[in-house]
Amino acid sequence: MIRIFNLTFLVFLFLITKANSLIEIDITRGNLDPLPIAVSPLFQDDNSEKNSINELKVENVGSEISSVVENNLKTSGLFNPLSKEAFLQKPDIAHLKPRFEDWALIKAQALITGKVTIENKKLKVEFRLWDILAGREMMALAFTTVPSNWRRVGHIISDKVYERLTGEKGYFDTRIIYVSEEGPKTARVKKLAIMDQDGFNTKYLTLGNELVLTPRFNPTSQMVTYLSYFKNLPRVYLLDIETGTQEVVGDFPGMTFAPRFSPDGKKIIMSFAKDGNSDIYTMDLENRVVERITNHPSIDTSPSYSPDNKFITFNSDRSGFQQIYVMKADGSNVKRISFGKGLYGTPVWSPRGDLIAFTKLHKGKFYIGVMRTDGSGERLLTENYYQEAPSWSPNGRVLIFYRETKSNDKGEGFSAKLWSIDLTGYNERQVQTETDASDPSWSSLLSN
Amino acid sequence: MNFTKSFRNTFLVILLSLIVSACATKTTTTKVEGQMQGDVYTGTDTVKYLADGVPDRVFFATNESILTTKSRDTLRKQANWLRENSSINVVVEGHADERGTREYNLALGERRANAAKDYLITYGISADRISVISYGKERPVDSGSNPLSWSKNRRSVTVKAN
């Protein structure tokens with residue numbers, strides 16, 4: 001169905017200056033001043049321009065790539081890309097050797113320059129990151145790929161710059177799988193959709209003939225698990241997004257739901273509901289062995305593994321109301337960790353391992369928050385009329401979730417959109433989607 | 001045992017509704033007079049009928065799957081109708097309102113559908129004539145975002161399967 005370009009990026013590391021530069025972003029603080037950065041359009045020669053127009057229908061793929069980078073850096077909230085109108089130096093000259101005084105004059109602290117060529121159906125991109133205050137190069141890289149892959153080149157450059165300046169892995173060369181929604185609330189049509197993290201290249205993976213919910217990526221491959229009501233039998237499915245093949249997970253005599261992969265990608269963990277009781281089960285994807293993890297007359301759902309696969313956090317109403325619990329991966333040592341006022345749901349373990357993100361319902365408001373894995377240090381990041389289902393960026397820095405608006409008595413005014421927020425609670429922003437959207441799940445980095 | 005349990009539940013529901021109506025006189029929690037008791041829907045707006053006098057659905061309180069006196073009355077009518085029409089099988093659909101997380105609501109809908117199914121079984125309907133499906137909050141019948149709309153959506157609906 002979806003063809004993922006299986007291309008290999010040839011990465012040449014032709015120069016890396018070691019650390020001790022002046023600029024570095026302190027990302028431990030929340031309310032920081034974003035770093036002023038100049039993203040010079042990547043230079044493109046006349047011949048490449050012709051090829052760019054012919055092959056990509058894009059006039060200047062160099063400036064398009066720099067726009068991708070600029071947008072990514074801006075969206076992260078950690079960078080402030082400066083207006084190109086203020087740039088004094090031409091892209092080709094800046095790429096050879098920037099006049100640092102000119103860039104310092106417009107208050108840039110870092111500068112990205114580069115060059116693209118399209119020849120023989122190959123796109124070659126070089127870029128350099130410069131430290132303006134120290135007056136020297138921080139990084140230089142080159143990529144060769146097929147021209148149609150130019151947006152991904154922009155994402156990879158963004159990741160490299162982000163990593164060099166923050167010391168953490170980036171999250172730009174990633175995708176979001178979500179549920180696209182259309183139609184009135186009482187007869188909503190839902191489809192699986194996938195897009196680049198910045199909202200481009202949307203593709204629909206199902207036609208909307210049956211209800212689909214809660215897609216989640218395998219962190220180690222291009223597989224997705226989700227809930228489908230195919231033939232009115234709600235079951236957990238496994239979908240290979242490269243080949244489009246799908247299969248039911250396990251052979252359960254009832255509804256299976258709330259699926260998620262284990263971080264090593266070897267198991268699916270989910271709920272199975274029977275006779276009014278939902279418990280947590282796993283299925284090993286290699287030998288298909290099904291294991292029961294919880295056995296309790298309450299509702300046990302929304303399971304999520306710790307990154308080391310040793311623990312599971314989940315949602316249960318065994319105390320009488322929805323709360324968050326942690327147990328060992330074999331189901332032993334069950335401990336309640338949420339004790340604040342209100343109801344707690346959808347716990348998701350951070351890829352860094354130290355935090356659990358959740359949805360909280362209290363006095364008619366919904367919150368997205370994080371707490372430590374023992375339940376201490378609860379922090380609410382955002383409050384709204386309705387929002388839930390946070391999913392972590394692969395570096396554990398950003399949460400994506402969905403938010404619904406209130407309808408009036410006729411059911412008008414309803415919408416469902418994706419939003420993201422920084423772990424610090426700052427930089428909350430809507431993630432653009434072609435249709436209404438819910439249940440987002442963030443992929444791992446595509447290139448590594 | 002079933003009897004004592006249902007008796008206890010009835011008692012609880014009566015007690016609860018007394019408390020709630022007592023509160024309602026002081027505050028304005030029940031804005032829509034006569035349409036909700038506590039927060040369980042008691043109107044007939046969205047109700048359809050399996051046959052004359054046999055309502056197809058019962059309603060639940062927030063986060064609950066306990067059958068009210070009225071719900072049990074409706075389900076007994078359904079059981080009678082099913083006994084008289086032994087060739088008909090049914091699906092009990094469980095639903096939740098929009099004010100809960102999606103996955104928990106799927107489980108809650110399944111719990112509600114099974115509460116209705118179990119009651120039908122108690123009244124002599126064979127378990128293999130009744131299947132259940134939960135839609136969680138995915139199929140509201142009222143699209144408003146207010147307590148009355150939500151109360152109509154917290155329901156289980158008995159639907160002919162053949």
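## Interface between chains A and B

How many residues of chain A are in contact with chain B, and how many of chain B with chain A? In this predicted model, 31 residues of chain A are in contact with 20 residues of chain B. Several strands of chain A contribute to that contact side. β11 (212–217), β15 (256–261) and β16 (267–274) each supply at least two residues. So much is also true of β19 (300–305), β23 (343–349) and β27 (386–392), each with at least two residues.

By class, the side of chain A that touches chain B holds 11 nonpolar, 15 polar and 5 charged residues.

## Chain B

Chain B has 162 residues, of which 45% count as buried. Its secondary structure comprises 4 helices and 8 strands. Along the sequence, the elements of chain B run α-β-β-β-β-β-α-β-α-β-α-β.

Contacts in chain B often span long stretches of sequence. Among those between residues at least 6 apart, 67% join residues at least 24 apart.

## Domains of chain A

The domain assignment splits chain A into domain 1 (10–166) and domain 2 (175–442). The centres of the two domains, taken over C-alpha atoms, are separated by 35 Å. Their contact takes 7 residues from domain 1 of chain A and 9 residues from domain 2 of chain A.

On the domain 1 side, helix α2 (residues 61–75) of chain A gives the most, with 3 residues. That side of domain 1 has no nonpolar residues; the classes present are 6 polar and 1 charged.

## Nonpolar cores

The largest nonpolar core has 81 residues. Which of them touch the most other members? They are Tyr226(A), Met270(A), Ile356(A), Ala357(A), Leu399(A) and Ile400(A). Leaving out residues up to four places away in sequence, Leu399(A) touches Ala357(A), Ile368(A), Pro390(A), Ser391(A), Trp392(A), Ser420(A), Ile421(A) and Leu423(A).

Another core lies apart from the largest one. This second core has 36 residues, including Leu42(A), Val61(A), Trp103(A) and Val153(A).

## Sheet and hairpin in chain A

An open sheet of 4 strands in chain A has the order β10-β9-β8-β31, with antiparallel pairing. β10 (203–204) and β31 (436–442) are the edge strands, and each pairs on one side only. Strand β8 (residues 175–182) pairs with β31(A) over 5 bridges, in the antiparallel sense. Ile177(A) stands opposite Ser441(A) in β31(A).

Strands β25 (residues 365–372) and β26 (residues 379–384) of chain A also pair in the antiparallel sense, over 5 bridges. Gly369(A) has Leu380(A) in β26(A) as its bridge partner. The two strands, β25(A) and β26(A), form a hairpin with 6 residues between them. In the turn, Gly375(A) has a positive phi of about 95°.

## Positive phi outside glycine

Most residues other than glycine have a negative phi. Lys231(A) has a positive value, near 55°. Lys231(A) sits in the loop between β12 (223–228) and β13 (235–240) of chain A. Is Lys231(A) buried or exposed? Lys231(A) counts as exposed because it has 8 C-beta neighbours inside 10 Å.

Asn427(A) also has a positive phi, near 60°. Asn427(A) lies in the loop between β29 (416–422) and β30 (429–431) of chain A. With 16 other C-beta atoms within 10 Å, Asn427(A) is partly exposed.

Conventions. Residues numbered from 1 in each chain as written. Chains lettered and ligands numbered in written order. Predicted model: local features only at pLDDT ≥ 70, side-chain atom pairs only at ≥ 80, totals over all residues. Contact = placed C-beta atoms within 7 Å. Nonpolar A, V, L, I, M, F, W, Y, C, P; charged D, E, K, R; others polar. Pairing = 2+ DSSP bridges. Core = buried A, V, L, I, M, F, W, Y, C linked by C-beta atoms within 7 Å. Buried ≥ 20, exposed ≤ 12 C-beta atoms within 10 Å, placed from the backbone. Domains from an automatic or database assignment.
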